[in-house]
Amino acid sequence: MTGKFAVKFASALTLLVVTVLLKAQGFAQTTPGEQTPTTTPPAAQQPTAQKPDTSQEPADEESMRRKAKPKDYKNWNFNVGAGANLDSGTTKTWVRGGGFVATAGVARNANKYLGLRADFFYANLPLRDSTQQLAQATGATSYALDFTLDPIINVPVTKLWGGYVLIGPGFYHRTGSLSGDTTVPGSACNGFWIWWGACSNSSIPLSGSFVHSSVNSFGYNFGGGVTRKMPSGVELYAEYRLTHGSHNGITTDVRPITIGVRW
C-alpha cells in the first residue's frame with residue numbers, strides 16, 4: 001500500500017509540476033516583454049510666419065509722394081535768333097525780300113508739350129528801287145517791330161530732335177522815313193502813299209510830314225520750327241513764321257525765317 005501510494009503521489013506531483021511549467025511558459029509567451037519606454041521628441045515647431053510690418057507703409061507712401069518726379073521740361077525757355085525776311089501780301093509790292101530779322105523770346109511751359117511764348121521781332125523792310133522812284137525819294141529807311149503772344153505746342157520726336165508749332169495774336173508797328181523826297185504836298189495819292197500811311201483825304205498832306213510814316217496794327221501770326229538738342233543742353237532751332245497786321249485797310253506782312261538757340 002505504501003509503495004503504491006508513493007508511486008501515485010510521485011505521478012501526481014510530476015503531473016502538477018509539468019502543468020505548472022506549461023502554464024508558466026504560456027504566460028511568458030503571451031505577456032509582452034518589458035519595453036523600454038521611448039520618448040518621442042515633440043514635433044519641431046514651425047516658425048510662425050511674420051506678418052510684414054505695415055506700420056511704415058503709410059510713411060513710405062507719403063515720402064514717395066513728397067518726392068517730386070524729375071521734370072523732363074523746363075519751366076522757362078528763352079530764345080534768340082536772326083535771319084531774313086520773306087515779304088508777302090501788299091508789303092511785297094513795295095519792299096524787297098531778304099531784309100535782316102532779329103528776334104528774342106521767352107516761353108512759360110505748363111508741361112513738356114504745352115506753353116505760352118512771347119516774342120519780339122525786328123524786321124528790316126528795305127524799299128524797292130521802283131518804290132523809291134514812285135515816292136520821288138533818293139533814300140529811305142523802313143522797318144517793323146512785332147510783338148506776338150502765342151500758345152506753343154512742343155512735339156518731342158527723339159531725345160535729340162523735336163519740333164513745335166505756334167499760333168496767336170500780334171501787335172505790329174511799322175515805321176520809316178524818306179530822304180531827298182521831291183513829292184509836291186497836296187498831290188494825289190498812289191498805292192505806295194496809301195501803304196505808307198501818309199494819305200489824308202486821298203491826297204498828300206500839305207504839312208510835308210508824309211516823309212515820315214508810322215503805322216500800328218493788330219493781327220495774327222502762325223508758324224513752327226525744328227529743334228536739335230546739343231550736348232550742353234542748349235537747343236538749336238530753325239523757325240518759319242508768317243505775321244499779318246491790318247488797320248484801316250493798311251496791311252503789314254512779314255515772313256521771318258530765323259535760326260537761333262533756346263535754353
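This section describes the largest nonpolar core of a predicted model and two non-glycine residues with positive phi.

The largest nonpolar core comprises 20 residues. Within this set, the members that touch the most others are L127, L178, F192, W193, W195 and W196. Two elements, β3 (114-124) and α5 (191-196), each supply at least two residues of the core. Of the contributions to this core, that of α5 is the largest share, amounting to four residues.

The surroundings of L178 were examined with residues up to four places away in sequence left out of the count. On this basis, L178 touches L127, F192, W193 and W196, which are also listed among the core members with the most contacts to other members. The remaining contacts of L178 are made with A135, A137, G139, A140 and V211.

Positive phi values were found at S202 and N248, neither of which is a glycine. For S202, phi is about 65°. This residue is placed in the loop that runs between α5 and β6 (212-229). The relative accessibility of S202 is 60%, and S202 is therefore classed as exposed, the threshold being over 50%.

For N248, phi is about 55°. N248 is situated in the loop between β7 (235-247) and β8 (250-262). With a relative accessible area of 69%, N248 also falls in the exposed class. Thus S202 lies in a loop that follows α5, the helix that supplies four residues to the core, whereas N248 lies in a loop between two strands.

Terms used. Residues numbered from 1 in each chain as written. Predicted model: local features only at pLDDT ≥ 70, side-chain atom pairs only at ≥ 80, totals over all residues. Heavy atoms only, no water. Core = buried A, V, L, I, M, F, W, Y, C linked by side-chain atoms within 4.5 Å. Buried < 20%, exposed > 50% of the residue type's maximum accessible area, 1.4 Å probe, protein only. Contact = heavy atoms within 4.5 Å.
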